[in-house]
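Trainee: I have just opened this entry and would like a guided tour. Could we go through it together, one question at a time?

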Amino acid sequence: MIHLNDDMLNGAREHAVNEYPYECCGIVIGQPDNPDHDLIFPCTNIQNQLHEKDPQTYTRDARTAYFIDPRELMEIMKQAAEKNLVIKLFYHSHPEHDAYFSEEDKRMALFDNEPTYPDSRYLVISVYNREIRDEAFFEWNSETLTFEKLHL
Ligand SMILES: [Zn+2]
C-alpha cells in the first residue's frame with residue numbers, strides 16, 4: 001500500500017512529459033501513512049553536465065540516466081527534517097523505455113549493497129513520444145534483498 005497524494009503523481013507525470021526526451025527526477029516528502037502533507041520537489045537532472053565533463057565515468061547522458069543535483073537533494077533533506085517529514089518517493093522517467101527498475105536504478109538506490117533510503121519507494125514513469133505509456137512503483141524487499149514491483 002502506498003499512501004500518496006494524487007497531486008504528487010500528477011506532478012511527477014507532468015515533470016516527466018516536460019523533460020522529455022531526457023529523464024526527469026524528483027522527490028516527494030511527507031508522512032509515511034498520510035498523504036495530506038505530501039510535498040513534491042521536481043529536481044534538476046545534472047546527468048548531461050556530468051556526462052560532458054567526465055564521459056568516462058558518466059558514460060550515459062540524460063536520455064538514459066539521471067543524477068539529482070546534490071545541492072537540491074540536501075535542501076530537500078533539510079526541509080524534511082525541519083518539517084518532521086520523510087522521503088516517501090523518488091521518481092524518475094524512462095524516455096523511450098518501459099517502466100522497469102534497471103540495473104543502473106538499483107545501483108543508484110543502493111549504498112554498499114544496502115538501500116540508501118529503505119523506507120522510500122521508487123516510481124518509474126515510461127514516456128514514449130512525449131506521452132506517458134506506463135508507470136510502476138518499486139520498493140526494497142528485505143527478504144529477497146532486491147527492489148520489487150509493487151502491485152497496487
Ligand atoms: Zn531508471
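The questions below go from the sheet to the cores, then to the zinc site and some backbone details.

Mentor: Happy to help, and please keep in mind that this is a predicted model.

Trainee: Let's begin with the sheet. Which strands are at its edges?

Mentor: The open sheet has six strands with mixed pairing, in the order β2-β1-β3-β6-β7-β8. An edge strand pairs on one side only. Reading the order from end to end, the edge strands are β2 and β8.

Trainee: How are β1 and β2 joined?

Mentor: Strand β1 covers residues 25-31 and strand β2 residues 34-43, and they pair in the antiparallel sense over six bridges. One of the bridge pairs is Cys25 with Cys43 in β2. The link between β1 and β2 is a hairpin of two residues.

Trainee: Which helix that packs on the sheet makes about 160 degrees with the direction of β2?

Mentor: Two helices can be weighed here. Helix α1 (residues 6-19) touches β1, β2, β3, β6 and β7, and its direction makes about 15 degrees with that of β2. The helix of residues 70-83 touches β1, β2 and β3, and its direction makes about 160 degrees with that of β2. The answer is therefore helix α3.

Trainee: Now the interior. Which elements give two or more residues to the largest nonpolar core?

Mentor: This core has 21 residues, and Ile27, Ile29, Ile68, Phe101 and Tyr122 touch the most other members. Tyr122 has contacts that include Leu89, Phe90, Phe101 and Phe147. The elements giving two or more residues are β1, β2, α3, β3, β6 and β7.

Trainee: How many residues are in the other core?

Mentor: That core lies apart from the largest one. Among its members are Ala12, Val28, Tyr91 and Leu150. Its residues number 16.

Trainee: On to the metal. Which residues are the protein donors of the zinc ion?

Mentor: The donor atoms lie 2.0 to 2.4 Å from the zinc ion, and Asp105 is listed with two OD entries. Along the sequence the donor residues are spaced H-x1-H-x10-D. His92 lies in strand β3 and Asp105 in helix α4, so this pair ties together parts that are 13 residues apart in sequence. The donor residues are His92, His94 and Asp105.

Trainee: Why is the site of the zinc ion irregular?

Mentor: Four donors count as tetrahedral if all angles lie between 85 and 135 degrees. The angles among the four donor atoms here run from 58 to 163 degrees. Because 58 degrees also falls outside what square planar allows, with its other angles between 65 and 115, the site is irregular.

Trainee: Are His92 and Asp105 buried or exposed?

Mentor: The cut-off for this is a relative accessible area under 20% for buried and over 50% for exposed. Both of these zinc donors fall on one side of that scale: His92 and Asp105 are buried.

Trainee: Last, the backbone. Which residues does the cis peptide bond join?

Mentor: Its omega is about 10 degrees. The proline involved is found in the loop between α1 and β1. The bond joins Tyr20 and Pro21.

Trainee: Is Leu145 buried or exposed?

Mentor: Leu145 is found in the loop between β7 and β8, and its phi is near 55 degrees, a positive value in a residue other than glycine. Its relative accessibility is 59%, and the cut-off for exposed is over 50%. Leu145 is therefore exposed.

Terms used: Residues are numbered from 1 along each chain as its sequence is written. This is a predicted model: local features need pLDDT of at least 70, side-chain atom pairs count only at pLDDT 80 or more; totals for chains, interfaces and linings use all residues. Side-chain values use heavy atoms; hydrogens and water are left out. Donors are N, O and S atoms within 2.8 Å of the metal (3.2 Å for Na, K and Ca); water is not among the atoms, so sites may look incomplete. Four donors count as tetrahedral if all angles lie between 85 and 135 degrees; four count as square planar and six as octahedral if opposite donors are over 155 degrees apart and all others between 65 and 115; anything else is irregular. Helices (H or I, at least four residues) and strands (E, at least two) are DSSP runs, numbered from the N terminus. Buried means under 20% relative accessible area, exposed over 50%, partly exposed in between (1.4 Å probe, protein chains only). Two strands pair if DSSP finds at least two bridges between them. Contact means heavy atoms within 4.5 Å. Axes are lines fitted to C-alpha atoms, for helices over the stretch in contact, and angles run from 0 to 180 degrees between N-to-C directions. A nonpolar core is a set of buried Ala, Val, Leu, Ile, Met, Phe, Trp, Tyr and Cys residues joined through side-chain atoms within 4.5 Å. Lists of a residue's contacts leave out its neighbours within four places in sequence.
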